[in-house]
Amino acid sequence: MALTIDTARYTNLALVEHDDGVWVVSLNRPAKRNALDIDTIEELVEFFSTAPRAGVRAVVLAGAGDHFCAGLDLVEHHDEDRSPADFMHVCLRWHEAFNKMEYGGVPVIAALQGAVVGGGLELASSAHIRVMDQTAYFALPEGQRGLFTGGGATIRVTDLVGKSRMIDMMLTGRVYQGQEAVDLGLAQYIVEGSSFDVAMDIARKTAQNLPLSNFAICSAVSHMQNMSAMDAAYAESVVAGVVNTQPAARARLAAFADKSAARVRPNK
């Protein structure tokens, strides 16, 4: 049964639905540089739990104001004075939110500007595609704060930049930006103008794909990375068997066969 998304339920996220099935999800705490408090995490869990069953075709994840996300709300963390068990459960909710993004089957395109730091980088690394503008910078300053990552950086950011760079970033607070950040895999696109505009263009393009194909691309690839090579080969064959015979693809295959479909061409 299809679900609906009640935008009135959200306070820390600003949600905008577009006619083509693209939704814009903006972190809406600009005075805090969009730092992630527990209420924001709970809203992310709710939205990304609902999105795959609510007809969402693609998501642009953005931050209000000058920054994408400065990470964990350190003021809340300080004031709550949590026990080890309390903070463990906070981290588990972060993992729940970010896993819903990565494995949910809906393309998530992050539009990055300003700070993409700490938990903000963990959030961004959960997106399938990341577009940065010239102001974006990436860092994991946990070492200087007396902290350790708790939202998946040891998994996702390490996958992007490698173990040695990950440890260096945490120990030294090293900042990456510009083309160097793209070369390391922290983003796939760097733009001179608005990262949001380019992210919207990408989201609209992906939203034109068949939902089942997008679901497989945005969930199966991540699952297969967690498997042995033999298990992944088997799973890939099963997923391809389902996706590549879907009735909705027949018209697209026919267009390719009769040469009416657009062909892949080199970039100009």
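Visitor: Which residue stands opposite valine 108 in β4?
Guide: In this predicted model, valine 59 is the residue that faces valine 108 of β4. Valine 59 lies within the numbering of strand β3, residues 58–63, and three bridges join β3 to β4.

Visitor: How do β3 and β4 run, parallel or antiparallel?
Guide: Strands β3 and β4 run parallel. Another pairing between them involves leucine 61, whose bridge partner in β4 is alanine 110.

Visitor: And what about β6, how many bridges join β4 to it?
Guide: Four bridges link β4 to strand β6, which covers residues 129–132, and these two strands also run parallel. Within this pairing, isoleucine 109 is placed opposite isoleucine 129 of β6.

Visitor: Is β4 buried or exposed?
Guide: Strand β4 spans residues 108–112, and five of its five residues are buried, so the strand is largely enclosed by the rest of the structure.

Visitor: Which residues cover each face of β4?
Guide: One side carries Val108, Ala110 and Leu112, while the other carries Ile109 and Ala111. All of these residues are buried, and both faces of β4 are therefore covered.

Visitor: What is the order of strands in the sheet with β4?
Guide: The sheet is open and has six strands, arranged as β1-β2-β3-β4-β6-β9, with mixed pairing. At its edges stand β1 (13–17) and β9 (189–190); each has a single partner strand, so one side of each has no neighbour in the sheet.

Visitor: Which strands form the open sheet of three?
Guide: That sheet has the order β5-β7-β8, and its pairing is mixed. Its edge strands are β5 (115–117) and β8 (176–177), each with a single partner strand, so each is left with one side lacking a neighbour in the sheet.

Visitor: How is β7 joined to β8?
Guide: Strand β7, residues 137–139, is joined to β8 by two bridges, and the two run antiparallel. Tyrosine 137 takes the position opposite glutamine 177 in β8.

Visitor: Back to β2 for a moment. Where is serine 26 found?
Guide: Serine 26 belongs to strand β2, which covers residues 22–27. Its relative accessibility is 15%, so serine 26 counts as buried.

Visitor: What does serine 26 touch?
Guide: Leaving aside residues up to four places away in sequence, serine 26 touches Asn12, Leu13, Ala14 and Ala62.

Visitor: What about serine 195, where is its place?
Guide: Serine 195 is in helix α9, which covers residues 195–207. With a relative accessibility of 4%, serine 195 counts as buried.

Visitor: Which residues does serine 195 touch?
Guide: Apart from residues up to four places away in sequence, the contacts of serine 195 are Ala111, Leu112, Gln113, Val131, Met132 and Asp133. In addition, the side chain of serine 195 reaches the backbone oxygen of leucine 112 at 3.1 Å.

Visitor: What separates serine 195 from alanine 110?
Guide: Their C-alpha atoms are separated by 8.6 Å, although serine 195 and alanine 110 are 85 residues apart along the chain.

Visitor: New topic: helices. How are two packed helices described?
Guide: The description uses the angle between their axes together with the distance between those axes.

Visitor: At roughly what angle do the axes of α10 and α11 cross?
Guide: Helix α10 (residues 211–225) and helix α11 (residues 229–243) have axes that cross at roughly 175 degrees and come within 11 Å. An angle over 145 degrees counts as roughly antiparallel, and α10 and α11 are therefore roughly antiparallel to each other.

Visitor: Which residues meet between α10 and α11?
Guide: On the α10 side they are Leu212, Ser213, Ala216, Ala220 and Met224, and these meet Ala232, Ala235, Glu236, Val239, Val242 and Val243 of α11. The residues of this contact divide into nine nonpolar, one polar and one charged.

Visitor: One last topic. Where is arginine 33, and what is its phi?
Guide: Arginine 33 is in the loop between β2 and α1 (38–50). Arginine 33 has a positive phi of about 55 degrees although it is not a glycine. Its relative accessibility is 36%, so arginine 33 counts as partly exposed.

Visitor: And asparagine 34, buried or exposed?
Guide: Asparagine 34 is buried, with a relative accessible area of 2%. Asparagine 34 is also placed in the loop between β2 and α1, and its phi is near 60 degrees, a positive value in a residue other than glycine.

Conventions:
Residues are numbered from 1 along each chain as its sequence is written. This is a predicted model: local features need pLDDT of at least 70, side-chain atom pairs count only at pLDDT 80 or more; totals for chains, interfaces and linings use all residues. Side-chain values use heavy atoms; hydrogens and water are left out. Buried means under 20% relative accessible area, exposed over 50%, partly exposed in between (1.4 Å probe, protein chains only). Contact means heavy atoms within 4.5 Å. Two strands pair if DSSP finds at least two bridges between them. A polar contact is a pair of N or O atoms within 3.5 Å; within protein, one must be able to donate a hydrogen and the other to accept it, and residues adjacent in sequence count only if both atoms are side-chain atoms. Axes are lines fitted to C-alpha atoms, for helices over the stretch in contact, and angles run from 0 to 180 degrees between N-to-C directions. Angles under 35 degrees count as roughly parallel, over 145 as roughly antiparallel, 65 to 115 as roughly perpendicular and the rest as oblique. Ala, Val, Leu, Ile, Met, Phe, Trp, Tyr, Cys and Pro count as nonpolar, Asp, Glu, Lys and Arg as charged, and the others, Gly among them, as polar.
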